[in-house]
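Please open the model in your viewer and have the selection tool ready. The stops below are meant to be taken in order, with a pause at each one.

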Amino acid sequence: MDQDMVMRARVQLLSANQRVVRGVEGLRIYRLLAQVEPEVYGSKLAYVLVEASASSLVRELPEQRLALLGEAVAVASALDAANPYRTKVLAKAFAARRELEGRQAQEV
């Protein structure tokens with residue numbers, strides 16, 4: 001892992017002065033930092049992935065949306081059971097995926 005990239009991501013996170021950094025920037029930051037400290041940043045990554053799956057950038061791309069939600073489920077599932085955010089983000093990711101799959105089934 002490139003320590004300069006990790007340091008830059010941490011600086012960007014601190015300079016954002018937000019509880020959760022969203023959008024493409026948040027995805028990049030949390031994907032990187034979750035590799036280094038999954039229990040600290042994994043829940044935020046899962047949260048941002050679920051949000052990204054509903055963004056206008058992928059609204060008309062169901063495969064992309066499912067991929068983002070699949071990643072969110074995988075990240076949340078990998079969190080330790082004692083992680084206080086695991087249950088919440090995992091439920092949110094599963095619910096978003098079920099909703100999307102339900103819509104796709106109705107369209108067919």
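The tour of this predicted model goes through pairs of charged side chains and then turns to an arginine without such a partner.

**Stop one: glutamate 37 and arginine 10**

The structure holds 4 salt bridges, and a good place to begin is the one that glutamate 37 forms with arginine 10, where the closest N and O atoms are 2.5 Å apart. This pair links distant parts of the chain, since glutamate 37 is in the loop between α2 (23–36) and α3 (38–53), while arginine 10 is in helix α1 (residues 3–16), 27 residues apart. If you turn on a surface, you can look at how accessible each partner is: glutamate 37 counts as partly exposed at 29% relative accessibility, and arginine 10 counts as partly exposed at 28%.

**Stop two: arginine 22 and glutamate 51**

Next, select arginine 22 together with glutamate 51, whose side chains meet in a salt bridge with an N to O distance of 3.0 Å. Here too distant parts of the chain are linked, with arginine 22 in the loop between α1 and α2 and glutamate 51 in helix α3, 29 residues apart. Arginine 22 has a relative accessible area of 43% and is partly exposed, and glutamate 51, with 27%, is also partly exposed.

**Stop three: glutamate 71 and arginine 31**

Now move to glutamate 71 and arginine 31, where another salt bridge is found at 2.7 Å, N to O. The two ends of this pair lie in helices, glutamate 71 in helix α4 and arginine 31 in helix α2, and they are 40 residues apart. Glutamate 71 counts as partly exposed at 27% relative accessibility, as does arginine 31 at 32%.

**Stop four: arginine 65**

Stay with helix α4 (residues 62–78) and select arginine 65, which has its place there. Is arginine 65 buried or exposed, and which side chain of opposite charge is nearest? Arginine 65 is buried yet has no salt bridge, and the nearest side chain of opposite charge, that of glutamate 99, is 6.2 Å away. Side chains of opposite charge can pair when their charged atoms come close. The cut-off for a salt bridge used here is 4 Å between a side-chain nitrogen and a carboxyl oxygen, so the 6.2 Å to glutamate 99 does not qualify.

To see what surrounds arginine 65 instead, show its contacts: leaving aside residues up to four places away in sequence, arginine 65 touches Ser53, Ala54, Val58, Arg59, Leu100 and Arg103.

Notes
Residues are numbered from 1 along each chain as its sequence is written. This is a predicted model: local features need pLDDT of at least 70, side-chain atom pairs count only at pLDDT 80 or more; totals for chains, interfaces and linings use all residues. Side-chain values use heavy atoms; hydrogens and water are left out. Helices (H or I, at least four residues) and strands (E, at least two) are DSSP runs, numbered from the N terminus. Buried means under 20% relative accessible area, exposed over 50%, partly exposed in between (1.4 Å probe, protein chains only). Lys and Arg count as positive and Asp and Glu as negative; His and the chain ends are not counted. Contact means heavy atoms within 4.5 Å.
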